[in-house]
Structures are given as C-alpha cells and as structure tokens.
Amino acid sequence: TGDGLMGIDFKCTGGVINKSPHSSEPSLAHIQLTNVSDIQIGFIGAANHASYTNNFSDAIYGIKAINSQATIMNNSFTSINNPTNSSGNCTYCGSSIYFENTDNVARDLIIGGAYNTSSGFEWTEYLKNDFNNSKNGILTRGNHVTTIQSNTFNNIYQGIRCNRNYENIII
C-alpha cells in the first residue's frame, strides 16, 4: 500500500543471538538492503501515533544498505554499537543507519522530513528519527542524493558523517 514498514520492534537482548547456529554472535543488522530500488522504512499519516514507530536496538547496524534507495522516517535507534568482543577495528560498525554506494549512481536517501507547523496536522513530529546511545547516527559512503532533516541525536559519538559524497547533500 506504500505505507512502509511500521510499528516493528527490532531487538536483540544483550546484543547477541540466542539461537543456533549463530548462538553468542552479535546481531549484525536488523534490516539489510542490497540493490533495493526503493523502500520506505517507517510510516506517517494523519492518524499516526507512537505505536507506528519502528524501534531498533542492540545490533551492530540498525539499517545497513548497499546500492539502495530509501526513505526513512518515524524510527527510534538505541544502543547500536560495535560489540566489545568484536575482532578487529570496524570504523562503520555501530551505525544506526549505514548506506554505501559502490557504483557512483546517485540514489535518493531521505532520512526524516521537514517539520511543518503550518500544515495543521499534529503528526509532523513523526517525520523525525531518534538516535540514542549509539556510536554513529547516520553514516553514508559514496554518492547519494541525501536529505537529512528533523532528526534528534542524544549521546552519539558521531551524529552525521557523509564520506565520498560529491554533491547533493541537504542537512
């Protein structure tokens, strides 16, 4: 229906998987996208309320995408971190939203939306994404048409980091 993924809790208690064959391994990514032409993660609407918010917690990545296009709104990311028992140094691990383009095709990446108090709707607060107690909020690599608006960042080492994006950024 075009409403997107909504009202889903993505959680890995303690940050490790409790099921075979991956028992005791850290949860890699709650959503992983590869070559996705367009997806909406989150939902807003005139009848929106907090139960439509997607909640991501306790993983190495909340959303990890390669060569994909997305609109991401009305999500909450908490405790997305690189696990202490990780083997090696992972610069990008611990990213609530990680998008990478490897082919230089400038795909749209919309994270949050413009907060418009004149719209007459009370649901505009749900355009934002909340990032809490994580290593990185938003990290992009490669060329994207990136729009990042109306998001909140609390206790984040790096809020927004865009690498190798040659143009097309609105923050």
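Helices (H or I, at least four residues) and strands (E, at least two) are DSSP runs, numbered from the N terminus. The model is predicted: local features need pLDDT of at least 70, side-chain atom pairs count only at pLDDT 80 or more, and totals for chains, interfaces and linings use all residues. Residues are numbered from 1 along each chain as its sequence is written, and side-chain values use heavy atoms, without hydrogens and water.

**Exercise 1.** State how many helices and strands the protein chain has.

Solution. The count gives zero helices and 13 strands. Read from the N terminus, the order of elements is β-β-β-β-β-β-β-β-β-β-β-β-β.

**Exercise 2.** Classify the aromatic pair of Phe-43 and Tyr-52, then the burial of each residue.

Solution. Rings of Phe, Tyr and Trp (its six-membered ring) pair if their centres lie within 6.5 Å; planes under 30 degrees apart are stacked, over 60 edge-to-face, the rest tilted. The structure holds seven such pairs. For Phe-43 and Tyr-52, the centres are 5.2 Å apart and the planes make 75°, so the pair is edge-to-face. Buried means under 20% relative accessible area, exposed over 50%, partly exposed in between (1.4 Å probe, protein chains only). Phe-43, at 14%, is therefore buried, whereas Tyr-52, at 23%, is partly exposed.

**Exercise 3.** Repeat this for Phe-77 and Phe-131, and locate both in the chain.

Solution. The distance is 5.1 Å centre to centre and the angle 5°, which makes the pair stacked. Phe-77 lies in strand 7 (residues 75-80) and Phe-131 in strand 10 (residues 130-141), 54 residues apart. Phe-77 is buried at 0%, and Phe-131 is buried at 0%. Both belong to one aromatic cluster with Phe-10, Phe-56 and Phe-153.
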